[in-house]
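Q: Could you take a close look at the sheet in this one for me? I'd like to go through it strand by strand, and then see what packs around it.

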Amino acid sequence: MPLKIKNMKSIIKKAFLIFGFAAVLNTVNAQEIIQEDTVKTVKPKITGKRQKIDGVIAVVGDYVVLDSDIDIALIEISSQGNSVEGITRCQLLGKLLEDKLYAHQAIQDSIVVKDSEVNNMMAERIDALVERAGSMDKLLKYYNKPNEEEFKTYFFDILKMGKLTSEMRNKIIEDVEVNPEEVRTFFKKFNKEELPQFGAEVEVSQIVIKPEVTAEELQKVKDKLNEFKKDVLAGNGSFFSKAVLYSKDEGTKSNGGFMRVSRKSPLVKEFKERAFSLDEGEISEPFETEYGWHIILVEKIRGQDVDLRHILLIPKISDIALQEAKDEAIGVRNKIINGDISFADAARNSSDEKETRANGGALTNPQTLDPRFELTKMDPTLYNEVSEMQQGQVSQPIMDEDRLGRKSYKLLTVTKRYEAHTADYALDYIKIKELALREKQIEKIGKWTDEKIKETYIKINGEYRNCVFVNNWLQK
């Protein structure tokens, strides 16, 4: 039977179970290394003399669920800063069964996930994991894998199943929408005591002033890249070794700058255009993107994909240029404080950050895609900068350094504050609309799951047959 949702809090909880840690090991941020003391709180219990860590506890179609999958799921939820309190092993098994059912049905529906796409994902994820763990050896120890090859095989299977799961789930709900009348009806059906509490939130805008790169420093970078190209073509060193030694792209330098790029890859336009304009074995001229200056070597053209290596160099910024950027930021701030110009207009006229300049410097919450940030859930760095600011206050220039080590100065302002409150239809329409949409999606998924359970081979073993599931996994 389709799931009946009794109150808004249950919608939030169910949505978290379905969308929040969907596929647990398969989401973008799931594979994170956590501190050992966190791991200890969710280690599997030892019963008798043997530890049930690799036993098959369920089968869905061609997929199996191991007892250790639940232990890893608990660790992954904790690693993302979420509490595992109140989440039972039966609930997690139910979620894992759903993921296996999605993946199994995706194959039946001929949903294709290319190995090349998974390999691209894997390279990026493993680089991030190694950086967080400290070394590949520590990463292998954490996942109890004897060597890098076995870990990659294991990780590949996880990512591929996760991609199948997300593609299938998206296919189920892709046509689900809510109109304003449905949102209003959804909100009105709840009593006040059933409504969730929203924490304090802020809307934040910023102006970014980047220091100027001198013509001399710019020429040094281009000359260096041309020197690399000349050496490689002359046989004086490989592109691989030069990328390892000199590239500023921390995500690819350890692998000799290697990337597999498709036309759908989330890369800047200039980079993809240059990558697809070269022949096999050809090295590009130095070219600029927002990240710095590059050269590319195309190793192999694979239909719509290109295997390439690249080297990124970033021009140095002089202390004088950095001070000039700070002085400019101070000047902009003074004009805002004196009332000569609004913060939004100053951002449009003076900010060097193109992503926010057009909308007056307003930041967008990457989790919700709206301008409001819940204080307790925002990025710690941003929280420290704005948590004590009053609405309309403009910060002093703050030095900022991105992941590539490039420095700039920014001005921040809190354009609006929302105190903690019970959900309000007018004030929280976007959030309420999202909850209404989630309810319809959950109902659609529930109906789909009921139908597919009846058609699919499912077996649950041992003590887990005593679980009380939302869905009829036991087919009673």
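A: A quick word on terms before we start: two strands count as paired here if DSSP finds at least two bridges between them. Also keep in mind that this is a predicted model.

With that in hand, look at β4 (residues 201-209) and β11 (residues 407-418), which pair in the antiparallel sense over nine bridges. To find your place along that pairing, use Gln-206, which sits opposite Leu-412 in β11.

Now step back to the whole sheet. It's an open one with four strands, in the order β9-β4-β11-β10, and the pairing is antiparallel. The edges are taken by β9 (372-374) and β10, and each has a single partner strand, so one side of each is left with no neighbour in the sheet. On average, neighbouring strands are turned by 55° against each other, direction ignored.

Take the β9 edge. β9 pairs with β4 in the antiparallel sense, over three bridges. Val-202 is a handy marker here, with Phe-373 in β9 as its bridge partner.

At the other edge, β10 (residues 398-401) pairs with β11 over four bridges, again in the antiparallel sense. Glu-401 stands opposite Lys-407 in that pairing. These two strands form a hairpin with five residues between them, and Gly-405 in the turn has a positive phi of about 85°.

If you're wondering which way side chains point, the general rule is that in a regular strand they alternate between the two faces of the sheet.

Next, the helices that go with the sheet. α12 (residues 319-337) lies across β4, β10 and β11, and runs at about 25° to β11. α13 (residues 343-350) lies across β4 and β11, at about 35° to β4.

How about the nonpolar cores? The largest one has 65 residues, and those touching the most other members are Leu-93, Leu-97, Phe-151, Phe-155, Ile-460, Phe-469 and Trp-473. Helix α7 (residues 148-173) gives this core its largest share, 11 residues. A second, separate core has 13 residues, including Ile-207, Val-332, Ile-336 and Phe-343. Check those numbers against the ranges above: Ile-207 falls within β4 (residues 201-209), Val-332 and Ile-336 within α12 (residues 319-337), and Phe-343 is in α13 (residues 343-350). That puts members of the second core on a strand of the sheet and on both of the helices just described.

Conventions
Residues are numbered from 1 along each chain as its sequence is written. This is a predicted model: local features need pLDDT of at least 70, side-chain atom pairs count only at pLDDT 80 or more; totals for chains, interfaces and linings use all residues. Side-chain values use heavy atoms; hydrogens and water are left out. A nonpolar core is a set of buried Ala, Val, Leu, Ile, Met, Phe, Trp, Tyr and Cys residues joined through side-chain atoms within 4.5 Å. Buried means under 20% relative accessible area, exposed over 50%, partly exposed in between (1.4 Å probe, protein chains only). Axes are lines fitted to C-alpha atoms, for helices over the stretch in contact, and angles run from 0 to 180 degrees between N-to-C directions. Contact means heavy atoms within 4.5 Å.
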